[in-house]
Each structure stands twice: as structure tokens, then as C-alpha cells.
Amino acid sequence: MVDIESVYGSEFGYLKAEDITQPTKFTIAGSYVMTFSNGKRKIVLVLKGQKKHFILNKTNAFKIASKYGTDTKSWAGKEIVIEQALTTFKGREVRTLSVV
């Protein structure tokens with residue numbers, strides 16, 4: 001049996017819950033907006049020293065904005081802590097990433 005991720009790698013090089021096993025501090029290097037095929041737009045963070053980028057859901061974006069302001073350009077150089085959390089998605093509990 002072959003694990004798909006061993007062949008293709010993690011989904012598009014973005015952080016996922018399995019990548020963070022304990023609360024971890026990161027420095028924001030920059031950000032950009034990505035538009036998905038369904039037309040939804042999300043902010044994506046580039047994290048200093050990390051190959052994978054972090055796609056922000058609305059909750060995480062507002063948590064960062066409450067600390068550092070709503071202009072994402074001003075987030076560069078700021079630190080955030082990311083940890084695993086549980087959330088309900090389509091009626092079942094799944095692991096996710098949360099900014100604390």
C-alpha cells in the first residue's frame with residue numbers, strides 16, 4: 001500500500017493539522033490572497049523558515065487582526081502561535097489549526 005502523501009506531498013504545500021503536534025510559534029513573513037475554484041477568497045500567510053503556507057479561515061484571520069490590525073501588510077514580522085484544535089465539519093469532529 002502506498003500513502004498518497006508520500007508520492008504527491010502535502011496538499012499544495014499548505015499547513016494542515018497533522019503538521020502541528022504542539023503549540024508552535026511562527027513569525028509572519030508576508031501574506032497574499034488566494035482565490036479558490038469556488039470563487040471564495042482567503043488570506044494565506046507565508047511563515048518565516050517554513051516551506052508550507054498557512055491558509056487562514058475567517059476565525060483565524062480575525063484573531064490575528066484583533067492583535068495586529070486589519071492591514072495584512074502590517075502583520076509581517078509579527079509572531080503568532082498555531083495549535084491543533086477540534087471543530088465540527090459536516091456533522092463530524094475533525095482536527096484543524098487554530099491561532100491562539
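What percentage of the 100 residues of the protein chain count as buried? Keep that in mind as you load the model, which is a predicted one. The value is 25%.

**Stop 1: the whole chain**

Start with everything selected and a cartoon view. You should find two helices and five strands. Walking along the sequence, they come in the pattern α-β-β-β-α-β-β. If you switch on a surface, its accessible area is about 7100 Å², and carbon and sulfur atoms own 52% of that. For those who like contact maps: among contacts with a separation of 6 or more, 44% are between residues 24 or more positions apart.

**Stop 2: the sheet**

Now select the five strands. In which order do they lie in the sheet? Reading across, the order is S3-S2-S1-S4-S5, in an open sheet with antiparallel pairing. S3 and S5 are the edge strands with a single partner each, so each of them has one side without a neighbour in the sheet.

Next, bring in helix H2, residues 58-68. This helix packs on the sheet and touches S1, S2, S3, S4 and S5. Line up its direction with that of S5 and you will find an angle of about 25°.

**Stop 3: from S1 to S2 and on to S3**

Select S1 (24-35) and S2 (41-47). Seven bridges join these two antiparallel strands. One pair to label is Ile 28 with its bridge partner in S2, Leu 47. Follow the chain around the hairpin between S1 and S2, where five residues separate the strands. In that turn, click on Gly 39, whose phi is positive at about 90°.

Carry on to S3 (54-55). S2 and S3 run antiparallel and are joined by two bridges. Label Leu 45 and you will see Phe 54 of S3 standing opposite. This hairpin has six residues between its strands, and Gly 49 takes a positive phi near 80°.

**Stop 4: S1 beside S4**

Return to S1 and add S4, residues 79-89. The two strands pair in the antiparallel sense over four bridges. Select Lys 25 and look across to S4: the bridge partner is Val 81.

While you are there, show side chains. How many salt bridges does the structure hold? There are three, and Lys 25 takes part in one of them, with Glu 79, at 3.6 Å from N to O. Glu 79 is in S4 and Lys 25 in S1, so this pair ties together parts 54 residues apart in sequence. Colour by accessibility and the partners come out in separate classes: Lys 25 is exposed at 55% relative accessible area, while Glu 79 is partly exposed at 38%.

**Stop 5: the loop between H1 and S1**

A general point before the next selection: side chains of opposite charge can pair when their charged atoms come close.

Select Glu 18 and Asp 19. Glu 18 is in the loop between helix H1 (4-8) and S1, and Asp 19 is in the loop between H1 and S1 too. Which residue does Glu 18 meet in a salt bridge? The partner is Arg 95, at 3.3 Å from N to O. Arg 95 belongs to strand S5, and the two residues are 77 apart in the chain. Glu 18 is partly exposed at 43% relative accessible area, and Arg 95 is partly exposed at 46%.

Asp 19 has a salt bridge with Lys 52, at 3.1 Å from N to O. Lys 52 is in the loop between S2 and S3, 33 residues away from Asp 19. Asp 19 counts as partly exposed at 31% relative accessibility, and so does Lys 52 at 22%.

**Stop 6: Ser 98**

Finish in strand S5, residues 92-99, by selecting Ser 98. Is Ser 98 buried or exposed? With 12% relative accessibility, Ser 98 counts as buried, because the cut-off for that class is under 20%.

Expand the selection to its contacts, leaving aside neighbours within four places in sequence. You will pick up Asn 60, Lys 63, Val 81, Ile 82, Glu 83 and Ala 85. Val 81 should be familiar from Stop 4, as the bridge partner of Lys 25. Finally, draw a distance from the side chain of Ser 98 to that of Lys 63: the two make a polar contact at 2.9 Å.

Conventions. Residues are numbered from 1 along each chain as its sequence is written. This is a predicted model: local features need pLDDT of at least 70, side-chain atom pairs count only at pLDDT 80 or more; totals for chains, interfaces and linings use all residues. Side-chain values use heavy atoms; hydrogens and water are left out. Buried means under 20% relative accessible area, exposed over 50%, partly exposed in between (1.4 Å probe, protein chains only). Contact means heavy atoms within 4.5 Å. Accessible areas come from the Shrake-Rupley method with a 1.4 Å probe; for residues, only the protein chains shown count as cover. A polar contact is a pair of N or O atoms within 3.5 Å; within protein, one must be able to donate a hydrogen and the other to accept it, and residues adjacent in sequence count only if both atoms are side-chain atoms. A salt bridge is a side-chain nitrogen of Lys or Arg within 4 Å of a carboxyl oxygen of Asp or Glu. Two strands pair if DSSP finds at least two bridges between them. Axes are lines fitted to C-alpha atoms, for helices over the stretch in contact, and angles run from 0 to 180 degrees between N-to-C directions.
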